[in-house]
Amino acid sequence: MHPAMYQSNRQDSPALMQVDQKETSIVPIDQVQNGELMHAQSIICSSKKLQDDLHMLGLKIKQHEDNIKFLKNQKSKLEDSILDLQVILGKYHSATPPNTENDQHSSSQSEEETTEQILRHEKSAAGILCQLRLRHGTNASHLALTKDVLGIVATLGKVDDDNLSRLLSEYLGVDIMLAIVCKTYEGIAALEAYGKEGQINNDSGLHGLGASTGRALDGRFLVICLEHLRPFCGEFVTDDPQRRLDLLKPKLPNGECPPGFIGFAVNMIDVDCTNLFYVTSSGHGLRETLFYSLFSRLQVYKSREEMLLALPCISDGAISLDGGMIKATGFFSLGNRNDVDVRFPKSSLASQLPDNYRETEKQLKEMKWQKDKMMEDFKREQALLNAAKLNFERKKEEFVKFLADSSAYAAQHQMQAGSDKFNQR
């Protein structure tokens with residue numbers, strides 16, 4: 001071909017300049033660049049869409065997790081309220097059938113029986129004190145010896161179930177059930193006097209009183225000083241006339257309240273109305289001083305089997321209505337029951353029921369219905385969470401595969417571009 005004609009052809013077809021020079025491609029340059037640009041934009045668009053989908057699924061997972069956390073928290077609060085109402089209304093199931101005798105007289109008869117049980121311990125400090133009060137009546141509280149004595153442990157609390165009374169009395173033991181409770185240390189000092197060498201003066205205090213009545217005091221006896229007890233420092237159950245302690249319910253490692261848990265022993269003691277409003281000089285009542293010191297956070301369960309299943313969350317001992325007993329963490333009391341012959345008197349039906357009993361009972365039913373509905377909501381949220389997690393995993397796999405394909409394409413394109421540059425040289 002003539003050089004002039006070759007030059008003319010080059011000027012007439014500039015788009016084929018590269019083809020003429022290297023003879024490696026027949027595709028125009030601008031078409032190649034446009035195709036690569038569109039493919040890159042498609043990759044970016046697809047990547048952004050996959051990332052947006054993952055972000056939205058992540059938000060859904062977070063939303064369902066927050067809902068489940070909220071439902072668990074509300075369920076826990078609801079269970080605590082239900083347990084409190086069950087204790088107040090006496091809804092727990094005893095291992096013994098309820099007493100169907102005349103309820104109006106059961107309380108006074110039980111108090112008399114408790115006094116008789118104490119009097120059988122003739123040579124005990126509690127027996128001598130009971131004898132003194134029987135003889136002098138209300139005047140006994142004005143005597144120098146007993147004016148600071150509030151009473152005997154067994155007479156300062158009542159229990160509305162005979163079986164529970166037996167268990168709590170056995171847990172404390174006869175020595176504590178017969179312990180004398182004084183308001184201050186001055187009252188303790190009045191009960192026993194000492195000579196110069198530290199020996200007991202048998203002519204004064206309870207020793208002298210016992211000798212004068214033919215009931216010489218035998219052995220040691222316990223005296224509790226309310227003023228020196230370390231009180232419970234938490235809150236009280238709202239609107240509870242008995243001022244029960246607002247104790248945190250036990251929780252298993254999974255966060256659930258153990259099945260069969262009835263309540264805390266310290267809240268199952270009814271304080272008689274005559275002592276309900278008594279407070280120490282520091283403003284603390286009998287429940288948060290005396291009974292909290294005696295029982296602490298002793299837990300009560302329906303059965304021994306349920307009590308043993310709750311071992312991970314038992315910190316201060318537990319008892320079960322069928323006779324199981326854990327005195328403290330790691331200390332199990334086995335064998336047959338050892339009934340203590342001094343027990344707490346039985347509460348009267350009128351004293352254990354609040355004035356708004358029917359309303360409270362209705363409230364309890366509504367709470368149980370709310371709990372059932374909440375469990376349905378919980379199951380639904382859990383199903384939605386599982387579905388969202390499954391979709392997230394699938395979308396993540398799709399995104400990972402997309403990244404792998406995109407990387408392979410980019411690598412191939414880079415190799416082709418390198419080859420083209422090499423051919424251009």
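Biologist: Happy to look at this predicted model with you. In what order do the 5 strands of the open sheet come, and what is the pairing?
Modeller: The sheet is open, and its 5 strands follow the order β5-β7-β8-β9-β10. Strands of a sheet pair through backbone hydrogen bonds, and they do so either parallel or antiparallel. Here the pairing is mixed.

Biologist: Which strands stand at the edges of that sheet?
Modeller: An edge strand here has a single partner strand, so one side of it is left without a neighbour in the sheet. The two strands in that position are β5 and β10.

Biologist: Let's look at β7 and β8. Which residue of β8 is the bridge partner of glutamine 299?
Modeller: Strand β8 covers residues 318–320, and 3 bridges join β7 to it. The two strands run parallel. In β8, the partner of glutamine 299 is alanine 318.

Biologist: On to the aromatic rings. How are phenylalanine 261 and phenylalanine 264 paired?
Modeller: A pair of aromatic rings is described by the distance of the centres and the angle of the planes. The model has 4 aromatic pairs in its count. For phenylalanine 261 and phenylalanine 264, the centres are 5.4 Å apart and the planes stand at 70 degrees, so this pair is edge-to-face.

Biologist: And how many residues apart in sequence are the parts tied together by phenylalanine 261 and tyrosine 301?
Modeller: The rings of phenylalanine 261 and tyrosine 301 have centres 5.6 Å apart and planes at 65 degrees, so they too are edge-to-face. Phenylalanine 261 belongs to strand β5 (residues 261–264) and tyrosine 301 to strand β7 (residues 299–301), so the pair ties together parts whose separation in sequence is 40 residues.

Biologist: Are the rings of the cluster formed by Phe261, Phe264 and Tyr301 in one aromatic cluster or several, and is tyrosine 301 buried or exposed?
Modeller: Phe261, Phe264 and Tyr301 form one aromatic cluster. Phenylalanine 261 has 6% relative accessibility and counts as buried, and phenylalanine 264, at 5%, is buried as well. Tyrosine 301 has a relative accessible area of 0%, so its state is buried.

Biologist: Which nonpolar residues form a patch on the surface with Phe332?
Modeller: Phenylalanine 332 lies in strand β10 (residues 331–332). At 44% relative accessibility this residue counts as partly exposed. The patch has about 410 Å² of accessible area together, and the residues that join Phe332 in it are Leu308, Leu311 and Leu334.

Biologist: Some charges sit over rings too. How far is the charged end of arginine 243 from the centre of the phenylalanine 236 ring?
Modeller: Lysine 327 offers one such contact, lying over the face of tyrosine 171 at 4.5 Å from the ring centre. For arginine 243 over phenylalanine 236, the distance to the ring centre is 4.0 Å.

Biologist: Where is aspartate 239 found, and is this residue buried or exposed?
Modeller: Aspartate 239 has a positive phi, near 60 degrees, in a residue other than glycine. Its place is the loop between β4 (223–225) and β5. The relative accessible area of aspartate 239 is 77%, over the 50% cut-off, so the residue is exposed.

Biologist: What is phi of serine 296 near?
Modeller: Serine 296 lies in the loop between α11 (286–295) and β7. Serine 296 is a residue other than glycine with a positive phi, and the value is near 50 degrees.

Biologist: How many residues of helix α9 are buried?
Modeller: The buried residues of α9 are Gly205, Leu206, His207, Gly208, Leu209 and Gly210. After α9 comes glycine 214, with a positive phi near 75 degrees. The helix spans residues 205–212 and is mostly covered, with a buried count of 6 of its 8 residues.

Biologist: How far apart in space are isoleucine 128 and leucine 206, C-alpha to C-alpha?
Modeller: Isoleucine 128 lies in helix α5 (residues 125–136) and counts as buried at 2% relative accessibility. Leucine 206 is 78 residues from isoleucine 128 in sequence, while their C-alpha separation in space is 7.5 Å.

Biologist: One last pair: what separates the C-alpha atoms of valine 149 and alanine 190?
Modeller: Valine 149 is part of strand β1 (residues 149–152), and at 6% relative accessibility it counts as buried. Valine 149 and alanine 190 are 41 residues apart along the chain, and their C-alpha atoms are separated by 9.8 Å.

Terms used. Residues are numbered from 1 along each chain as its sequence is written. This is a predicted model: local features need pLDDT of at least 70, side-chain atom pairs count only at pLDDT 80 or more; totals for chains, interfaces and linings use all residues. Side-chain values use heavy atoms; hydrogens and water are left out. Patches are made of residues with over 30% relative accessible area and no salt bridge: like charges are joined within 9 Å, nonpolar side chains (Val, Leu, Ile, Met, Phe, Trp, Tyr) within 5 Å. Accessible areas come from the Shrake-Rupley method with a 1.4 Å probe; for residues, only the protein chains shown count as cover. A salt bridge is a side-chain nitrogen of Lys or Arg within 4 Å of a carboxyl oxygen of Asp or Glu. Helices (H or I, at least four residues) and strands (E, at least two) are DSSP runs, numbered from the N terminus. Buried means under 20% relative accessible area, exposed over 50%, partly exposed in between (1.4 Å probe, protein chains only). Rings of Phe, Tyr and Trp (its six-membered ring) pair if their centres lie within 6.5 Å; planes under 30 degrees apart count as stacked, over 60 as edge-to-face and the rest as tilted. A charge sits over a ring if NZ of Lys or CZ of Arg is within 6 Å of the ring centre and within 35 degrees of the ring normal. Two strands pair if DSSP finds at least two bridges between them.
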